[in-house]
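Biologist: Could you walk me through this one? I'm new to reading structures.

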Amino acid sequence: MHPRLNIAALAPELYQAVRTLDGAVTKSGLDKRTLHLVKLRASQINGCAYCVDLHVKDALADGMDAQLLHLVAVWRESPFFDARDRAVLEWTESVTLAAETGIPDAAFETVRAIFSEADIAKLTIAIGTINIWNRIAVSSRMQHPVGMEKNAVAP
């Protein structure tokens, strides 16, 4: 797979606007664990290797457990995730897959049982933001770094 185009260079003002939104999400008051789970799960769903790689590395750097990160894709089957994590992951999946899920009332009730309406709003914007990044990265075929220990040539 080869990169298609450099969206940051071709639409710098819009790209910067997304970066600004992402910075605002980071400063929104949502905790790092929640944001890491949102970013990783949405990126997995959207098939964004660049973002999965980036967000796993970021989560590890912030001290998240590697086993937990390995199990995000199968969170329903793992006891690693508490009720808060499960609400975040359920809401992330429902919002990311809105065309398929219709964002069901059950998912909303699950997240509302744990989060305030203001935090649900922030969480929803965080999910939307990572979905924007995923679409930028996947559509432009952004490449994640490849370790030299595999004798690979980085793009």
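Modeller: Let's start with a term: a nonpolar core is a set of buried Ala, Val, Leu, Ile, Met, Phe, Trp, Tyr and Cys residues joined through side-chain atoms within 4.5 Å. Buried means under 20% relative accessible area, exposed over 50%, partly exposed in between (1.4 Å probe, protein chains only). This is a predicted model, where local features need pLDDT of at least 70, side-chain atom pairs count only at pLDDT 80 or more, and totals for chains, interfaces and linings use all residues. Residues are numbered from 1 along each chain as its sequence is written, and side-chain values use heavy atoms, leaving out hydrogens and water.

Biologist: Which helix supplies the largest share of the largest nonpolar core?

Modeller: That core has 31 residues, and Leu 37, Trp 91 and Leu 123 touch the most other members. Helices here are DSSP runs (H or I, at least four residues), and strands (E) need at least two, all numbered from the N terminus. With seven residues, the largest share comes from helix 9.

Biologist: How many disulfides does a search of the whole structure find?

Modeller: A disulfide is a pair of cysteine sulfur atoms within 2.5 Å. Cys 48 is buried at 2% relative accessibility, and Cys 51 is buried too, at 4%. The sulfur of Cys 48 has its closest cysteine sulfur in Cys 51, but they're 3.3 Å apart, so that's too far for a bond. The search of the whole structure finds this many disulfides: zero.
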